[in-house]
Structure formats: C-alpha cells, structure tokens
Amino acid sequence: MAQKKKATKKTTKASAKKAPAKKAAKKVVAKTKATKSTKPKAAEKKSAKETNEPVLPNVSRSRGTPQTPRGMKDLLPQEQRYWQFVRQTAENLAQAYGFDRIDTPILESTALFMRSVGVQTDVVEKEMFSFIDRGGDNVSLRPEGTAPVARAYINHGMLNQPQPVKMYYMGPMFRYERPQQGRFRQHHQFGVEIFGDDNPVLDAEVAMLAHLFYKEIGISSVVHINSLGCPDCRPTYREELVNYYRPKRAHLCDDCKRRLAKNPLRLLDCKAEGCAALRDEAPQIVDSLDDACKEHLMQVLEYLDDLMVPYVLNPHLVRGFDYYTRTVFELLPEDGEGKGALGGGGRYDNLIEQLGGRETPACGFGLGLERAILQMKAQEVEPPDTNTPDVFVAQLGDSARRKAFTLFEELRNAGIKIAGNFTKNALKAQLEIANRLGAKYTVILGQQEVIDETILVRDMESGMQEIVDYKKAVNELIKKIQKS
Ligand code: HAM
C-alpha cells in the first residue's frame, strides 16, 4: 500500500513539472504496449495502470521453449572470435586517440531521448522500448548512446575538466524496428563523443576514426558527409524545402506527407520511389549555409583530404536525429554492398544546452558492430586466431588427472595458451578434441608417467611422441612453441 501511494505521488509531481513531455511519453508507451502479442484483459489493464504493476502473461498454458524476442539474438560461442576482434580493435583505437571509456545504464528516462533525439523522429515516435516502471517513472531502453553520454557529461560536472572531454562506449542499443538483414531490435554500437570544442579538426578526427576502425578490421569504407547548418541558417533552408515540395505533395509517400509538416529535412533521405525522384531537383542545404557553417564544412573537408580519408559530399544526407548541427556523416562500404550504413555521426553543438547544461559544442559517431561483422563475413575477412591453444593437456586415470590439473596451471602461468578436458577418460577422444582445437602439442599424462615423473609430448602435426622429465616440462614446451 505504501509503495502504491509513493508511486502515485511521484507521477503527480512529474506531471506537474513536464506536462507536454508526459503526454508525448504516454503516446510512446501506448504504441509499444499495443505491439505486444500477449494482450492483457481489460480489467488487468486497468489495475496495472492504476498500480504500475507489470502485466504478466498467463504462462500456465504456454508450451514449448521460450525464444529470444523478435529481432534479438544470442551471440553464440562460435561467433565470439568476431566480437572479440571488433571490440578489441575499437578499444585499442579509442584509447590510442585519447578517449576514456564510459558505460551508462541501458535504461534511461524516456524524457532524455525526447529532449535530445527529438519527439518527431522515427526513433522516438515509433521505435523505443518504453514502459512505466514499478515506481511510476517512464523509462526506455536506450535506442542510442549520444544522449546518455551527454547526460552523464552534465550530471558529473565534466565541464569543469580540461576540455575537450573524449569518451567512448560499447554496448547494446534497442530499437523496435522491422527486423531484416543488418537491422535488429537489439544491436551493439561502438561510439565516441568529444565535448567542449567546436574546432572542425575534431569533426574530421571522428570521421577519420570511424574510417580507420573499418580499415583495421579489413573493410574499406567511404565517408558520406554533409552539413545541416545551424539554428541561424537552417530555418531558411527548411522553408525553401517546404516551398519546393508543397506543390508536389500528391507525389509523396504517406510518411513524407506527414514529414513535410513536421520534419521536412527527412524528405531528402526517403527511399520511396516517388520521393527519391523528386529529391534530385530539391534545393541543397550547402547553398543555404551561412558563412560560418560554410567555412566549418570546408575546413572539415580539407582535414579529411589531409588525412586521406575517402569521402563523398552527399547533399541528401540528413540523419535521423534532431540534435545534429553542422557536420553529419555516414560510413558506407566502399563496394556499396550490404544494407544500411556501417556507422554515422556528426556535430551536435546545442545538445548539452538542450539537456540543461551550459553551452558546449560536441561531436561523435556510433558504429554498428553487427553490421561490421556482417561485412567481414560477406567479404570473407577472418578475425585473427587468438584462441588456438599451443598445448592440450590429456590425462588417463585418477592420479594422472590430479597431476594434469597442476601441470595445466603451471603451463598457463608460464603464458602458454592451454586447453584440456578433464572429464574424458579415453585418450582417443582427448586427441580428437586437441585436433579439433588445432593444438600444436598434446601433453599426455598416464599412470606410468605419474610413477616415472615424466610427461609424453606429442607433436600433433607429425604424430611424433617424446618423453620429457616432468620438472623440465614447462621449459621444454616453451622452447618447442618458440621454434614452431
Ligand atoms: P545511428 O546512425 O542511428 O546513430 O546508429 C549508428 C549505427 O548503428 C548505424 O550506422 C548502424 O551501423 C547501427 N545501427 C543502428 N540501428 C541499427 C539496427 N536496428 N540494427 C543494426 N545496426 C544498427 C546513432 O545512434 C548516433 N548516436 C551516432 C552518433 C554518435 N552521433 C553522434 N555521436
């Protein structure tokens, strides 16, 4: 009872403060709920609304094993060598360029994304996993990483640190999209954000880093770049665009008819046939940029030239979030194959202020790790083999097994890449595993070896076996591995 009261009070307080945001948040929640397959009865719905208790499905009649939610997948052990490689590459690169890691919660207040990504964007309007938690707060699984990192920058007073503040992150993002090749409801991003400096060299640095990440994992990419201007010059362009499209409204798709009133810039990246045809004649934003924005863009391009980053000036690139100012860019595979961008980013000089902080220019990018891995597979790029053991430890019998444990640890401590299987008793089965893992040597310990204080070292390629004194095992194996 006490809990219920507290929740009601909290909701009232929130509604008094931010009425319009709450109204829109309700809309987001209502949409998300409607898509659920397990529909609660009306009475259940009502009581859930009153108490903020989650509506649990009736599982008594459920059959079969639950599956991952649609559009989400398990990252299986056999996939992990790709994941380990892309994550490690990202981490090494970010640290080499002076970025510090930040991890923010996966769950954030829905208002954060409404105030940053924008209420009228597809991500906030249609794609967020939003719900009311047990305390009555409207929360969302993060659909992207920039807004949470910007929030953290303000919350932790990072403005008082030496600027620019450079941070990177890696982790899952959630968007309720129609799943298809390269598009998931849970995907993972590697992102970087730089706060506190508006120098165009930083726009070039982040675009270059995104390109470099792909280069390091063996994928050639091209940066598509544009400028969206600033709040001073963008309204003029917006008006020009509306004037161009209004007489052609009948030829637009339904989404674009809606966008024309709310978010006309998004008309430029609509893939529908009719809209794409009209786009070629549409006015281009570069012609409407004010002098400062034009100069900023020119400098970014010059730096990209200096850094030898391949780019295309793409006047139709607008990106899907409201927070961008000036530079926006996306990375596409050089061969143009595959669905969707490999990454995207840009400058967002007003976001920190919009979220209640002091005026702080910023820029960054987010790269889709699933798409990176899909590209690697499509182009048959293999991650380096880091898991193949040098030595497999095999044992026969109880006393040998005990000794094998000790040997395993001694070899591991000596820095040897090691594997073993202590549950199999037959040597044949253990040698098969060693072969499958690609071990260079198998160390065999049987009852006789325990008595003689020796080990048997088998070269897995030649099949030759050699008896080695147990005390010399570590050094002998190190020598063999170094030679091979
Ligand atoms: P974004 O373009 O929405 O930008 O996402 C970044 C990248 O994440 C995309 O280019 C794509 O590679 C990947 N991605 C996005 N949605 C999906 C999905 N449903 N399935 C698979 N991969 C996906 C942002 O999120 C911005 N926060 C980037 C940024 C950082 N801008 C400035 N700083």
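**Exercise 1. The surroundings of the ligand**

Task: State how many residues surround the ligand, which of them are closest, and which elements contribute to the shell.

Solution. Step 1: The ligand is surrounded by 26 residues, and the closest are H187, G344, G364, G366 and G368. The model in which these residues are found is a predicted one.

Step 2: Two or more residues of the shell come from each of β6 (186–195), β10 (343–347), β11 (362–368) and α14 (369–378). With five residues, β11 gives the largest share.

Step 3: By character, the shell around the ligand consists of five nonpolar, 14 polar and seven charged residues.

**Exercise 2. The chain as a whole**

Task: Determine how many helices and strands the protein chain has, and what percentage of its residues count as buried.

Solution. Step 1: There are 18 helices and 16 strands in the protein chain.

Step 2: The chain has 484 residues, of which 35% count as buried.

Step 3: Consider contacts between residues at least 6 apart in sequence: 70% of them join residues at least 24 apart.

**Exercise 3. The sheet of eight strands**

Task: Give the order of the eight strands in the open sheet, and explain why one side of each edge strand is left without a neighbour.

Solution. Step 1: The order is β1-β5-β6-β11-β10-β9-β7-β8, and the pairing is mixed.

Step 2: At the edges stand β1 (100–101) and β8. Each has a single partner strand, so one side of each has no neighbour in the sheet.

**Exercise 4. Strand β7 and its partners**

Task: Describe how β7 pairs with β9 and with β8, and explain why β7 is described as largely enclosed.

Solution. Step 1: Strand β7 runs antiparallel to strand β9 (residues 327–333), and seven bridges join the two. One bridge partner pair is H224 with E330 in β9.

Step 2: With strand β8 (residues 311–313), β7 pairs in the parallel sense over three bridges. The bridge partner of V223 in β8 is Y311, and that of I225 is L313.

Step 3: Strand β7 covers residues 221–227, and six of its seven residues are buried, so the rest of the structure largely encloses it. To count as buried, a residue needs 20 or more other C-beta atoms within 10 Å of its own.

Step 4: Helix α12 (residues 291–306) lies across β7, β8 and β9, and runs at about 165 degrees to β7.

**Exercise 5. The nonpolar cores**

Task: State how many residues the largest nonpolar core has, and which of them have the most contacts inside it.

Solution. Step 1: In soluble globular proteins, nonpolar side chains tend to be buried together.

Step 2: Here the largest nonpolar core has 77 residues, and V192, V206, A207, A210, V223 and L367 have the most contacts inside it. Helix α8 (residues 200–216) supplies the largest share of this core, nine residues.

Step 3: Take A210 as an example. When its neighbours within four places in sequence are left aside, A210 is in contact with L331, G343, G345, F365 and L367.

Step 4: Another core, of 21 residues, lies apart from the one just described; V393, L411, I444 and A473 are among its residues.

**Exercise 6. Strands β14, β15 and β16**

Task: Identify how many bridges join β15 to β14 and to β16, and what lies between β15 and β16.

Solution. Step 1: Strand β14 (residues 441–445) and strand β15 (residues 454–459) run antiparallel and are joined by four bridges. T442 has R458 in β15 as its bridge partner.

Step 2: Strand β16 (residues 465–469) is joined to β15 by five bridges, again with an antiparallel run. In this pair, L456 has I467 in β16 as its bridge partner.

Step 3: β15 and β16 form a hairpin with five residues between them. In the turn, G463 has a positive phi of about 80 degrees.

**Exercise 7. Residue A414**

Task: Locate A414, and decide whether it is buried, partly exposed or exposed.

Solution. Step 1: A414 belongs to the loop between α15 (398–413) and β13 (418–420).

Step 2: A414 has 13 C-beta neighbours inside 10 Å, and therefore counts as partly exposed.

Step 3: Not counting residues up to four places away in sequence, A414 touches V474 and I478. A414 and V474 are 60 residues apart in sequence, and their C-alpha atoms are 7.3 Å apart in space.

Key:
Residues are numbered from 1 along each chain as its sequence is written. A residue is buried if 20 or more other C-beta atoms lie within 10 Å of its own, exposed if 12 or fewer, and partly exposed in between; C-beta atoms are placed from the backbone. Two strands pair if DSSP finds at least two bridges between them. A residue is near a molecule or strand if its C-beta atom, placed from the backbone, lies within 6 Å of it. Ala, Val, Leu, Ile, Met, Phe, Trp, Tyr, Cys and Pro count as nonpolar, Asp, Glu, Lys and Arg as charged, and the others, Gly among them, as polar. A nonpolar core is a set of buried Ala, Val, Leu, Ile, Met, Phe, Trp, Tyr and Cys residues joined through C-beta atoms within 7 Å. Two residues are in contact if their C-beta atoms, placed from the backbone, lie within 7 Å. Axes are lines fitted to C-alpha atoms, for helices over the stretch in contact, and angles run from 0 to 180 degrees between N-to-C directions.
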